Amino acid sequence: MSLSDLFRKQEKKPLGLYIHIPFCAKKCAYCDFYSVTNQNLQEEYVLALLDQIESKKIISKQYIVDTVYIGGGTPSILPEEQIGKILGTLRNTFKISDDAEITIEANPGTLDGSKLAAYRAYGINRLSIGLQSANNDELRMLSRIHSKEEFENTYMLSRMEGFDNINIDIMYALPNQKKETFQKTLDYVISLSPEHISMYGLKIEENTPFGRNPLIKKFLPDEDTQYEMYMDSCKKLDDNGYVQYEISNFSKKGLACKHNMKYWTCSDYIGFGPCAYSFADDVIYSYVNDIDRFISCVDDEKALLDSYEKLSLSQIATQYVMVGFRLRAGINTAEYARRFGESFEDKYSKKLEPFIEDKFVIKTSFGYRLSRRGMMISNYILSEILDFDENA
């Protein structure tokens with residue numbers, strides 16, 4: 001074995017880590033992410049979480065962690081020392097690169113200068129702040145716990161504490177929302193000049209207060225209005241220096257979320273906590289969405305599993321196409337062939353022809369991508385080109 005072969009053999013694989021903090025002060029009317037409002041469980045939960053992280057020590061040697069994402073729930077609802085314990089345990093268990101992207105999600109009303117300073121000291125270098133709307137009436141309708149003014153105070157505090165990589169979440173197609181109202185939210189966010197903007201269309205999920213309201217859909221903007229909201233907003237973000245790199249995500253040049261890119265490129269990541277997903281070594285698995293069970297059974301990995309599947313190369317290729325078409329860059333056919341040993345053109349070009357003709361899909365010098373019009377019907381396009389039966 002040559003020296004270069006030996007070095008390649010010893011190279012560690014990059015890995016992303018996701019930490020789920022399932023606590024919220026209040027459930028939002030639209031949200032179906034797993035979370036609880038019982039704050040009395042915080043200390044027990046963090047202890048269980050630390051145990052689960054430490055249990056991965058045996059596999060940690062093969063990886064170098066280049067992204068950490070602390071999501072929820074509302075991670076910023078935890079006392080800062082608990083966040084410090086979590087990050088300390090991650091560093092004691094995994095090798096985390098010096099330039100790793102470390103993100104924490106935060107909601108206005110749960111942050112202050114002390115927490116933000118502590119986050120900086122712990123090595124957190126990216127914030128994702130949930131605004132959703134700059135209209136206080138819309139915030140109340142969504143059951144958010146903050147006002148526009150409280151958000152702005154949080155944002156300015158974050159800048160004062162030295163955070164120079166901030167994402168702001170906003171939503172469009174809300175009940176009774178007009179195009180002009182959403183554009184005011186977008187204009188406001190652009191005026192703050194965050195490094196990253198996530199812009200999501202509201203989806204009515206079944207097991208939520210919105211989903212249980214039979215009248216809610218009557219108040220949603222119609223499909224044409226939603227389309228115009230999305231297309232007009234994408235154009236405005238373009239004009240203001242935000243590069244669209246994924247259906248719902250825009251960033252200043254070079255500041256796309258590195259952790260989320262792992263999901264969209266089928267790269268390895270490991271999740272911790274209830275309802276967290278992992279994909280590593282061709283295995284995809286998830287944990288139960290039950291905090292009590294998580295706390296009581298954390299030493300029994302099998303008892304915590306909600307799903308577990310070893311994927312075939314064909315199944316991973318299908319996943320790769322599904323998530324890859326979410327990206328503005330789309331599918332690089334040479335990379336697809338290198339990774340899966342088959343021709344993307346042979347498998348998909350015929351199926352894509354009608355969508356290319358209708359300008360929903362664009363053929364590029366590297367492969368294929370969705371146009372913005374195509375992004376609005378991405379689920380339909382994928383359902384037409386992918387054969388899920390062959391991967392069963």
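**Exercise 1. A salt bridge from a helix to a strand**

Task: In this predicted model, find the salt-bridge partner of Glu-345 and state which elements the pair links.

Solution:
- Step 1. Look around the side chain of Glu-345: the partner is Lys-363, and the closest N and O atoms are 3.5 Å apart.
- Step 2. Test the contact against the cut-off: a salt bridge needs a side-chain nitrogen of Lys or Arg within 4 Å of a carboxyl oxygen of Asp or Glu, so the pair at 3.5 Å qualifies.
- Step 3. Place both ends: Glu-345 belongs to helix H15 (residues 344-357) and Lys-363 to strand S14 (residues 361-363), so the pair links distant parts of the chain, 18 residues apart.
- Step 4. Check the cover on the acid: Glu-345 has 27% relative accessibility and counts as partly exposed.

**Exercise 2. The sheet that holds S14**

Task: Work out the strand order of the open sheet that includes S14, and say which strands stand at the edges.

Solution:
- Step 1. Read off the order: the three strands run S13-S15-S14, with antiparallel pairing.
- Step 2. Find the edges: strand S13 (331-332) and S14 each have a single partner strand, so one side of each is left without a neighbour in the sheet.
- Step 3. Look at one pairing in detail: S14 and strand S15 (residues 367-370) are antiparallel over three bridges.
- Step 4. Pick out a facing pair: Val-361 stands opposite Leu-370 in S15.

**Exercise 3. Two salt bridges that involve helix H9**

Task: For Lys-235 and for Asp-238, name the salt-bridge partner, then find how far apart in sequence each pair is.

Solution:
- Step 1. Start with Lys-235: its side chain meets that of Asp-239 in a salt bridge (2.8 Å, N to O).
- Step 2. Count along the chain: Lys-235 and Asp-239 are four residues apart in helix H9 (residues 223-239), so about one helical turn separates them.
- Step 3. Compare the cover: Lys-235 is partly exposed, with a relative accessible area of 47%, whereas Asp-239 is exposed at 53%.
- Step 4. Move to Asp-238: this side chain forms a salt bridge with Arg-372 (2.8 Å, N to O).
- Step 5. Place that pair: Asp-238 lies in H9 and Arg-372 in helix H16 (residues 372-375), so the bridge ties together parts that are 134 residues apart in sequence.
- Step 6. Finish with the accessibilities: Asp-238 is partly exposed at 33%, while Arg-372 is buried at 13%.
- Step 7. Put the pairs in context: the model has a count of 14 salt bridges.

**Exercise 4. From S10 to S12**

Task: Describe the backbone of Asp-281 and Asp-282, then follow the chain into S11 and its pairing with S12.

Solution:
- Step 1. Locate the two residues: Asp-281 is in the loop between strand S10 (277-280) and S11, and Asp-282 is in the loop between S10 and S11 as well.
- Step 2. Check phi: the value is near 50 degrees for Asp-281 and near 70 degrees for Asp-282.
- Step 3. Recall the background: most residues other than glycine have a negative phi.
- Step 4. Add the cover: Asp-281 is partly exposed at 34% relative accessibility, and Asp-282 is partly exposed at 36%.
- Step 5. Look for charge partners: Asp-281 is linked with Lys-13 and Asp-268 in a network of salt bridges.
- Step 6. Continue into strand S11 (residues 283-287): S11 pairs with S12 in the antiparallel sense over five bridges, and Tyr-287 stands opposite Leu-305 in S12.
- Step 7. Examine strand S12 (residues 305-310): the count of buried residues among its six residues is zero, so S12 is hardly covered.

**Exercise 5. Two charged patches**

Task: List the residues of one negative and one positive surface patch, and place one member of each.

Solution:
- Step 1. Collect the negative patch: Glu-43, Glu-44, Asp-290 and Asp-292 gather on the surface.
- Step 2. Place Asp-290: this residue sits in the loop between S11 and helix H11 (291-297), and is partly exposed at 31%.
- Step 3. Compare sequence with space: Asp-290 and Ser-35 are 255 residues apart in sequence, yet 9.2 Å apart in space, C-alpha to C-alpha.
- Step 4. Collect the positive patch: Lys-12, Lys-57, Lys-61 and Lys-95 form it.
- Step 5. Place Lys-57: this residue lies in helix H3 (residues 57-60) and is partly exposed at 35% relative accessibility.

Conventions
Residues numbered from 1 in each chain as written. Predicted model: local features only at pLDDT ≥ 70, side-chain atom pairs only at ≥ 80, totals over all residues. Heavy atoms only, no water. Patch = residues over 30% accessible without salt bridge, like charges linked within 9 Å, V, L, I, M, F, W, Y side chains within 5 Å. Areas by Shrake-Rupley, 256 points an atom, 1.4 Å probe, with all protein chains shown as cover. Lys, Arg positive; Asp, Glu negative; His and termini not counted. Charge placed at Lys NZ, Arg CZ, Asp CG, Glu CD. Buried < 20%, exposed > 50% of the residue type's maximum accessible area, 1.4 Å probe, protein only. Pairing = 2+ DSSP bridges.
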